[in-house]
Amino acid sequence: MKEKFADPNSGSVSGPLPLIFGVSGHRDLFIADVPQLRDRLSQVFASFRAAYPHTPFRLLTPLAEGADRLTAEVALASQISLLVPLPMKRQEYERDFTTAESLAEFRTLFARAEFRWEIPIGPNARAQSRTKQYAEVGDFIARNSHILILLWDGRDNRKVGGTAWVKKRREHWVKAASNPFGSMVSLAYGPTIQVVTPRASGHLPRPRPATLGELPLSAKEFAVTLSKHLGYKRGGTTQKRPPLYQLVYWALDSFNASVASAAPVRSRKKRHSATRSRL
């Protein structure tokens, strides 16, 4: 049977193929900045919803304290499902949440995740440090997200597994994917979006929250841009081609729209004659 997928973001019907957001960020957020950060994250998700209205979204996050959980809460409020890769066994991971409030917060979000699993860390797992395990999950997110969101102050503290490190791993995988002799393609990688996020342990002057990075055009704006580009020239000037990732995501959204609009396959009911019904 053909199944239709309800799109909770728009109240319409969406297709089956999702876009995956990933997140990395500071654990020690300024409490006073949280409402503004929440608004900026909502705007990021809303911009992608306007661009790809028939495509479901997922958020890839290990639900660490601070930025991870804030983004997860905003995603859930936007009806975006959670995919939770754990850097180690859950019981061991929970040891890092030292307060009852933090542990309860993790368990509440964890219970609402669509999928939960442990990241494999290789044959020498017993000898690997917690830092290495956290780095593995950060690298997984950097490699497997279509769109990466960083709640970060822009400063590199050179910490393995930290947000700056995740950003570098993202750049590594994007570069590797663009290698014509590699086994991957770079077309699926969308933008890295930084929500400038001061950290409580940072030094003054602290940066003000802001959103940096390329947000997509709405579906209507993209259609206009695409039509102008296909005309090659308009008013004597060459039109700028949309980024390749937008073309790929547009094609994905078009496929999802086609699936969503197709009539569902209905099973035929067997008709029994009056004679058979009496047998």
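Seven aromatic residues gather into one cluster in this predicted model. Its members are Phe-21, Phe-45, Phe-48, Tyr-52, Phe-57, Tyr-245 and Tyr-249. Let's start with the rings, then work outwards to the sheet and the pieces around it.

**Aromatic pairs**

A pair of aromatic rings is described by the distance of the centres and the angle of the planes. The count of aromatic pairs comes to 13. Here are two of them, side by side.

| Pair | Distance between centres | Angle between planes | Kind |
|---|---|---|---|
| Phe-21 and Phe-45 | 5.1 Å | 85° | edge-to-face |
| Phe-222 and Trp-250 | 6.0 Å | 40° | tilted |

Take the pair of Phe-21 and Phe-45. Phe-21 sits in strand 3 and Phe-45 in helix 1, so this pair ties together parts of the chain that are 24 residues apart. Are these two rings buried or exposed? Phe-21 is buried, with a relative accessible area of 0%, and Phe-45 is buried too, at 2%.

The pair of Phe-222 and Trp-250 also links distant parts of the chain, with Phe-222 in helix 7 and Trp-250 in helix 8 (residues 244-261), 28 residues apart. Phe-222 is buried at 5% relative accessible area, whereas Trp-250 is partly exposed at 41%.

**The sheet**

Now for the strands. There is an open sheet of 7 strands in the order 6-5-4-3-7-8-9, and the pairing is mixed. Which strands stand at the edges? Those are strand 6 (115-118) and strand 9; each has a single partner strand, so one side of each is left without a neighbour in the sheet. From one strand to the next, the twist averages 20°.

Strands of a sheet pair through backbone hydrogen bonds, either parallel or antiparallel. Both senses turn up here. Strand 3 runs parallel to strand 4, with 4 bridges, and parallel to strand 7, with 5 bridges. Strand 8 (residues 192-196) and strand 9 are antiparallel, with 3 bridges. If you'd like to find some of these bridges by residue, Leu-19 has Phe-57 of strand 4 as its bridge partner, Gly-22 has Leu-148 of strand 7, and Val-196 has Ala-210 of strand 9.

Two helices that pack on this sheet are worth a look. Helix 1 touches strand 3, strand 4, strand 7, strand 8 and strand 9, and its direction makes about 155° with that of strand 8. Helix 6 (residues 163-177) touches strand 3, strand 7 and strand 8, and its direction makes about 155° with that of strand 7.

Strand 3 itself is mostly covered, with 7 of its 7 residues buried. Leu-19, Phe-21, Val-23 and Gly-25 point one way, while Ile-20, Gly-22 and Ser-24 point the other way. From strand 3 the chain crosses through helix 1 to strand 4, making a right-handed β-α-β crossover.

**A helix that is mostly enclosed**

Why does helix 2 (residues 67-77) count as largely enclosed by the rest of the structure? It does so because 9 of its 11 residues are buried. Among them are Ala-67, Asp-68, Arg-69, Leu-70 and Thr-71. Their cover includes strand 3 (19-25), helix 1 (34-51), strand 4 (57-60), strand 5 (81-86), helix 4 and strand 7 (147-152). Just after helix 2 comes Gln-79, with a positive phi of about 60°.

**Two loop residues**

Glu-94 lies in the loop between helix 3 (90-93) and helix 4 (100-111). Since the cut-off for buried is under 20% relative accessible area, Glu-94 counts as buried at 11%. Its side chain makes a polar contact of 2.9 Å with that of Arg-107. Leaving aside neighbours within four places in sequence, Glu-94 is in contact with Leu-103, Phe-106 and Arg-107.

Leu-215 is in another loop, the one between strand 9 (210-212) and helix 7 (219-230). Leu-215 is partly exposed, at 34% relative accessible area. Not counting residues up to four places away in sequence, it touches Val-44, Ser-47, Phe-48 and Ile-193. One of these, Phe-48, belongs to the aromatic cluster described at the start. Leu-215 and Pro-191 are 24 residues apart along the chain, with 7.8 Å between their C-alpha atoms.

Definitions and conventions. Residues are numbered from 1 along each chain as its sequence is written. This is a predicted model: local features need pLDDT of at least 70, side-chain atom pairs count only at pLDDT 80 or more; totals for chains, interfaces and linings use all residues. Side-chain values use heavy atoms; hydrogens and water are left out. Buried means under 20% relative accessible area, exposed over 50%, partly exposed in between (1.4 Å probe, protein chains only). A polar contact is a pair of N or O atoms within 3.5 Å; within protein, one must be able to donate a hydrogen and the other to accept it, and residues adjacent in sequence count only if both atoms are side-chain atoms. Contact means heavy atoms within 4.5 Å. Two strands pair if DSSP finds at least two bridges between them. Axes are lines fitted to C-alpha atoms, for helices over the stretch in contact, and angles run from 0 to 180 degrees between N-to-C directions. A crossover is right-handed if, with the strands pointing away from the viewer, the path from the first strand over the helix to the second runs clockwise. Rings of Phe, Tyr and Trp (its six-membered ring) pair if their centres lie within 6.5 Å; planes under 30 degrees apart count as stacked, over 60 as edge-to-face and the rest as tilted.
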